[in-house]
Amino acid sequence: MKGKDTVLDTDDSKAPLLPLHDPTHRSESSESFTRSIFTLKNFFVLLGPLLCGLICLCVNLNGGKDTSRNMLAVLAWVFTWWLTEAVPMPITSMAPLFLFPLFGISSADTVAHSYMDDVISLVLGSFILALAVEHYNIHRRLALNITLLFCGDPLNPPLLLLGICATTAFVSMWMHNVAAAVMMMPVATGILQRLPAAGPGQPVLVSKFCKAVVLGVIYSAAVGGMSTLTGTGVNLILVGMWKSYFPEARPISFNTWLFFGFPLALCIFIALWAILCLLYCRSGSTQALSAYMGKAHLKRELDLLGPMAFAEKMVLAIFSMLIVLWMTRNLTDEIPGWGSLFNDRAGDGTASVMMATLLFIIPNKKQRGEKLMDWNKCKKLPWNIVLLLGAGFAIADGVRTSGLADVLSEMLEFLEKAPYWAIAPAVCLVGGTITEFTSNNATTTLLIPLLIQIAQTMHLHPLLLIIPGAIGSQFAFLLPTGTPSNIVGFTTGHIEINDMLITGAPLKIAGILVLSILMPTLGAFVFRTDEPLLNFGG
């Protein structure tokens, strides 16, 4: 038998050792390879360096140095990739690390320093705490307690909607607004689960209330995030760029921003609630909803969570301590905060990282040797936001040191006599329009250097323009793609694009009006825009 197995057939011996490729198959594979190369995405990948090269070869900035022209070329490259997302945004955000040294804008060490400063420490610490809140379900317990408080007996739909929206806005104040929307949407849709399922058989009033809840969560997350520095990356980009452009100026601390951001967010939040009630909470909603849900349902949901464990209490205590430290680091000129004990060397990021560190030291009392947090739970840290912040700070520093800021200022001299009351709403509207098509962080990074030069031309304090521009960049209320929070709401199946347009348009107008009124009044007082600014040509 063994001999028979070793005998080769004569036909087999003539067969080639390697399989022959079918020419038809080879043609198809080459065509698919060609199609994979000539795509719109690859065109945008090449467009960035192509624009950069064209600017370096063809553009001559009057009075500008080579570095200012090179900086403009690098901006064209980076913003092309950011706006088209041809290359993943976190990777594009690292581009200044190699482009700046290669184009002679700054040294490798200098640009690398922009990727880790106190503002980024603030982000890292607060995100670790946010992950702890999510891990221990503290946000769900808080939401159910507040919603139960607002529910009313009998059920009051506008009050219940207010409770859900207010909880989302409050959570969004202390963590990134996208994270808040992701965490709160399951809580909100869980409350709606007792209602008839979406479809042709769902009563109209019930359908409208479901739309109101989902829209309320995504918009409340955006509005709540405006009130604090940690609520959105835009506010952090603004503060970091302000520090980079004007290191000698009075810094924007956590509590300084809160004194302006909270009243602003509160006014926009009230407008949001009023719009939702007018559009979706019609007469008869109480009777339509009372048959399916009420306080008993919410109490059952809360009872399922059980009593608060030691770990939950400790995370809540650490978060509360952090908020107190943020609020009391700098109080007033007459009453210094705890920061003065350390000669003002400590920043908001110092407190943030210090409190986050406690989570890895304090035991959770669930398993022996286990702490409140471990590094495996931190794998969801948003490094994309950290890198984007670093890129924004590097760009701000590059625009200033390369001389491009001076060139832009000369080009914008025609705005010198334009009235502020006309420019501020226009700036806000421009930011709010661009952000519908690209990320609000990228929009802010693009606008702030330009707005600083416009302010210099108009002889205005720069905060009077860059704050409306940055906050306007957060008014992505019209399209699902405007921000990840909108996508979170859109995927629930309760809302359509028309719902966002109908609700988002009046909300955007209300936001622009509120911001245009508060910035030259409350903003001027909080940020002291009447004081002269060092190193600013105003």
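Asp 374 pairs with Lys 377 in a salt bridge whose closest N and O atoms sit 2.9 Å apart; the term covers a side-chain nitrogen of Lys or Arg within 4 Å of a carboxyl oxygen of Asp or Glu. Asp 374 has a relative accessibility of 29%, so this residue counts as partly exposed (buried is under 20% relative accessible area, exposed is over 50%, and partly exposed is in between, with a 1.4 Å probe and protein chains only). The model is a predicted one, where local features need pLDDT of at least 70, side-chain atom pairs count only at pLDDT 80 or more, and totals for chains, interfaces and linings use all residues. Residues are numbered from 1 along each chain as its sequence is written, and side-chain values use heavy atoms, with hydrogens and water left out.

Side chains of opposite charge can pair when their charged atoms come close. The structure holds seven salt bridges in total. One of them joins the side chains of Glu 436 and Lys 508, at 2.9 Å from N to O. Glu 436 is in the loop between helix H22 (420-434) and helix H23 (440-458), while Lys 508 belongs to helix H26 (residues 497-526), so the pair ties together parts that are 72 residues apart in sequence. Helices here are DSSP runs of H or I with at least four residues, strands are runs of E with at least two, and both are numbered from the N terminus. Glu 436 is buried, at a relative accessible area of 3%, and Lys 508 is buried too, at 9%. Another salt bridge links Arg 69 to Asp 66, with 3.7 Å between the closest N and O atoms. These two are three residues apart in helix H5 (residues 66-84), which means that about one helical turn separates them. Asp 66 counts as exposed because its relative accessibility is 51%.

As for the overall fold, the protein has 26 helices and zero strands. Of its 538 residues, 53% count as buried. Taking contacts (heavy atoms within 4.5 Å) between residues at least 6 apart in sequence, 79% join residues at least 24 apart.

Two helix pairs show how the packing looks in detail. The axes of helix H14 (residues 233-245) and H23 come within 10 Å and cross at roughly 30°; axes are lines fitted to C-alpha atoms, for helices over the stretch in contact, and angles run from 0 to 180 degrees between N-to-C directions. H14 passes H23 in a right-handed crossing, meaning that the near helix is turned clockwise from the far one by less than a right angle (anticlockwise would be left-handed). On the H14 side the contact includes Val 234, Ile 237 and Leu 238, and on the H23 side it includes Thr 444, Ile 448 and Pro 449. By class, this contact of H14 with H23 has eight nonpolar, six polar and no charged residues (Ala, Val, Leu, Ile, Met, Phe, Trp, Tyr, Cys and Pro are nonpolar, Asp, Glu, Lys and Arg are charged, and the others, Gly among them, are polar).

Helix H10 (residues 138-151) and helix H12 (residues 177-192) also have axes that come within 10 Å, crossing at roughly 45°. H10 passes H12 in a right-handed crossing.

Just ahead of H14, Thr 230 lies in the loop between helix H13 (204-225) and H14. Thr 230 counts as buried, given its 5% relative accessibility. Its C-alpha atom is 7.2 Å from that of Ser 126, although the two residues are 104 apart along the chain.
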